[in-house]
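Please describe this structure for a reader who has not met it before, beginning with a single chain and then turning to the way the chains are arranged.

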There are 2 protein chains.
Amino acid sequence: MQDVLKSPDIPACLRICAGTDGSVTQLLEVLTGKTIKVVTIEQHIMKATDDIAKLLDIDRGDEVNWRLVTLNANNTVYVLAKSLSPLKRMPHAVKEDIMRADKPIGAILREHKLETRRDILKIEIINSKFFEGIPVLSREYRIIYENNILMWINECFPVDDRWRM
Amino acid sequence: MQDVLKSPDIPACLRICAGTDGSVTQLLEVLTGKTIKVVTIEQHIMKATDDIAKLLDIDRGDEVNWRLVTLNANNTVYVLAKSLSPLKRMPHAVKEDIMRADKPIGAILREHKLETRRDILKIEIINSKFFEGIPVLSREYRIIYENNILMWINECFPVDDRWRM
């Protein structure tokens, strides 16, 4: 287990969401008792830079779906999530869903019955402009499908009392 | 979301563990801050009865690994978990780990880099002899691997103050 998740300063509900290898949206729905609303801040197709190509293990210039969303319930933002997905690795039906956006990634994977695994790469406390003045727990992980990286995800969780549920 | 998980009588930490489509052991480790101890109560190979064959979508008489364990931390039992696994569907290395027991299933899948999905079948409140006098939240789910049922699991969580962490 990552040491940062042992900190008593981080509410238990947040530690769980940041520590799961399953769907965060599903955990948030159980926690809040509400359907989670995915709000898309930005979504576009881009050519992979060197850095992104390295992150996704693809070639520079390959097409990547870039998506920035928030996960919300009760008019509260619980997560800011950025995802990078190489288009060439995405099954056709999944691609449509991801690009139409406003649908949680866990739900998309479940709906299309994809068998995957999630590798957590890093968990750390950072500062973020989005949650200004609030410490942020940031984690990075990859969703692996058919032995390739289907998606790289960075989730940012504000560390404050909104998690004391 | 299953309605039973909305009940305010069920501690939030328990609702999360019972609602995840990821590893329960991993969530318990984050919650308790301890390494979870798997204690095997019973483990044996059996021939599938008609009921078990139906549950696992295999033939009657096929060999099945039957495993009953508890997940523990701080000398407290958090989960009683029964699993049924058809031997013929298990990759060789995984088979050895499952039968050697005392290793959490999530950790085994992760270690062998298996891509899977978990389908939750049922969540309900029941009585159980094991947790006598305590209501029990019971859930059943299947772990799917290469489009087949790799494992059927029933987890029982005692509903009491041990979850108020």
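How many helices and strands does chain A have? In this predicted model, chain A has five helices and six strands, and along the sequence these elements follow the pattern α-α-β-α-β-β-α-α-β-β-β. A compact globule of 165 residues would have a radius of gyration near 15 Å, and the 16 Å of chain A agrees with that. The table gathers some values for this chain.

| Property of chain A | Value |
|---|---|
| Radius of gyration | 16 Å |
| Span of the C-alpha trace along the principal axes | about 40 × 30 × 30 Å |
| Buried residues, of 165 residues | 58% |
| Share of contacts with a separation of 6 or more that join residues 24 or more positions apart | 56% |

Turning to the pair of chains, a turn of 180° with a shift of 0.0 Å along the axis lays chain B on chain A with an RMSD of 0.0 Å, and that is the relation of a two-fold axis. Among the residues of chain B, Gly22(B) comes closest to this rotation axis, with its C-alpha at 1.9 Å. Because 100% of the interface residues of chain B are also interface residues in chain A, the copies meet through the same surface.

One helix pair across the chains is α1 of chain A (residues 12-19) and α2 of chain B (residues 24-32), whose axes come within 9 Å and cross at roughly 145°. The contact involves Ala12(A), Arg15(A), Ile16(A) and Gly19(A) from α1(A), together with Gln26(B), Leu27(B), Val30(B) and Leu31(B) from α2(B). By class, five of these residues are nonpolar, two are polar and one is charged.

Conventions. Residues are numbered from 1 along each chain as its sequence is written. Chains are lettered from A and ligands numbered from 1 in the order in which they are written. This is a predicted model: local features need pLDDT of at least 70, side-chain atom pairs count only at pLDDT 80 or more; totals for chains, interfaces and linings use all residues. Side-chain values use heavy atoms; hydrogens and water are left out. Axes are lines fitted to C-alpha atoms, for helices over the stretch in contact, and angles run from 0 to 180 degrees between N-to-C directions. Helices (H or I, at least four residues) and strands (E, at least two) are DSSP runs, numbered from the N terminus. Contact means heavy atoms within 4.5 Å. Ala, Val, Leu, Ile, Met, Phe, Trp, Tyr, Cys and Pro count as nonpolar, Asp, Glu, Lys and Arg as charged, and the others, Gly among them, as polar. Copies are superposed by least squares on the C-alpha atoms of residues with pLDDT of at least 70 in both. The radius of gyration is taken over C-alpha atoms; the globule rule is 2.2 Å times the number of residues to the power 0.38. Buried means under 20% relative accessible area, exposed over 50%, partly exposed in between (1.4 Å probe, protein chains only).
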